[in-house]
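The following exercises concern the architecture of a single protein. Each task is followed by a solution that proceeds step by step.

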Amino acid sequence: MLLQVLPITGLNIADDSFRMSFAPRLERLTSSIKTIGVVQPIVARHTVDGAYQIVAGYRRVVACQALGRQTIPALVYDHSALPVFQAFLHNLHDNLATRGLNLIEEAHVLERLLGSYGIAEDDLVKTYLPLMEEDASYRVLHQLLSLMQCAGPAKALIVDKRYALSTAARIAEFSPSTQEALVKVLRPLRATPAKLNDLLVMIREIAARDAVSVEDVLERYQLLAVVIDPTVAPPAKVEALRKTLQGVRLPTLMERQQQFASMIRDLALPQTAKLTADPYFEDPRIKLEYQFKAPEELATLVTQLQQAFDRQSWRKIFEWYRV
């Protein structure tokens with residue numbers, strides 16, 4: 001191993017034998033190199049044909065290229081001193097020690113270990129998943145490996161949004177063409193993994209029920225229009241999409257919920273009064289909550305409740321509710 005200053009043009013950047021970076025964010029690294037230079041030399045491998053393979057430091061090379069630098073410091077190994085598999089492990093440990101890997105990068109590493117280097121699944125679970133700070137389970141392994149079935153836009157979305165593995169794996173279940181359509185709907189959303197997973201399950205169930213493709217579901221019910229509506233605040237987009245899907249998935253239930261809401265409005269209760277019922281209308285009880293600061297406000301509520309009784313509004317609600 002020698003410390004050398006290599007011309008960047010002498011590095012075969014197209015050779016991705018050991019590269020693990022996917023959609024790297026280089027702003028901070030580029031700023032650092034521009035300010036104080038390359039702090040940590042890259043690791044390169046001198047091959048039998050005289051070329052230099054990048055073993056570790058692909059992001060540093062790209063950042064130097066962007067800055068117009070001509071050379072880069074490198075620790076250079078002879079090919080016999082650093083065999084291919086050892087070079088791959090060297091880069092893996094370098095990445096894990098300096099920045100960590102995103103889900104797509106972890107999937108790529110596992111696929112290479114399994115397919116190119118013949119590492120058994122048992123070893124991937126027991127050794128490499130804990131190394132990447134993932135749970136040592138076959139479920140996690142297979143979920144991560146499934147991400148290699150994602151198309152480029154879906155992979156980019158998973159990384160950009162920093163999705164949980166459960167959500168990323170659900171996206172991987174769809175075909176590449178379906179993923180492309182889903183990406184447009186999911187990108188404007190900010191939601192917890194549980195809510196995202198629920199949305200994806202509903203979309204799949206509607207497609208199966210109607211015997212149509214997921215793309216048809218997205219287009220037929222204008223789901224993209226729901227999430228890009230400028231009048232809907234970003235935090236409310238998930239709820240708006242969920243309600244739309246619920247209405248499609250359970251139209252009768254959605255209609256009953258709308259009827260119930262309309263009858264509550266007809267009661268003309270004070271704004272601080274809240275009347276709620278089980279959203280599936282399985283619990284026969286209805287709950288009334290009211291906030292007040294003075295006896296006069298409570299008296300107002302009592303009066304309005306009595307007026308609703310006189311108009312038979314309450315009887316109408318209970319008779320409808322029991323149907």
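**Exercise 1: The surroundings of a helix**

Task: Determine what covers the buried residues of H6 in this predicted model.

Solution. The cover includes helix H4 (103-115), helix H5 (121-131) and helix H8 (165-172). The residues of H6 (residues 138-146) that are buried are Val140, Leu141, Gln143, Leu144 and Leu145.

**Exercise 2: The packing of two helices**

Task: Classify the arrangement of H4 and H5 from the angle at which they pack.

Solution. Step one: the packing angle is about 140°, and the axes lie 10 Å apart. Step two: angles over 145 degrees count as roughly antiparallel, and those of 65 to 115 as roughly perpendicular. H4 and H5 are therefore oblique to each other. Step three: their crossing is right-handed. Step four: H4 contributes Leu110, Leu113 and Leu114 to the contact, while H5 contributes Glu121, Leu124, Tyr128 and Leu129. Sorted by class, six residues in this contact are nonpolar, none is polar and one is charged.

**Exercise 3: The sheet**

Task: Establish which strands stand at the edges of the sheet.

Solution. Step one: four strands, in the order E1-E4-E2-E3, make up an open sheet with mixed pairing. Step two: strand E1 (2-7) and strand E3 (52-56) each have a single partner strand, so they stand at the edges with one side lacking a neighbour in the sheet. Step three: from one strand to the next, the twist averages 45°. Step four: E1 runs antiparallel to strand E4 (residues 71-78), joined by six bridges. Glutamine 4 is placed opposite alanine 74 in E4.

Notes. Residues numbered from 1 in each chain as written. Predicted model: local features only at pLDDT ≥ 70, side-chain atom pairs only at ≥ 80, totals over all residues. Heavy atoms only, no water. Buried < 20%, exposed > 50% of the residue type's maximum accessible area, 1.4 Å probe, protein only. Contact = heavy atoms within 4.5 Å. Axes fitted to C-alpha atoms, helices over the stretch in contact; angles between N-to-C directions. Parallel < 35°, antiparallel > 145°, perpendicular 65-115°, else oblique. Left-handed = near helix turned anticlockwise from the far one by under 90°. Nonpolar A, V, L, I, M, F, W, Y, C, P; charged D, E, K, R; others polar. Pairing = 2+ DSSP bridges.
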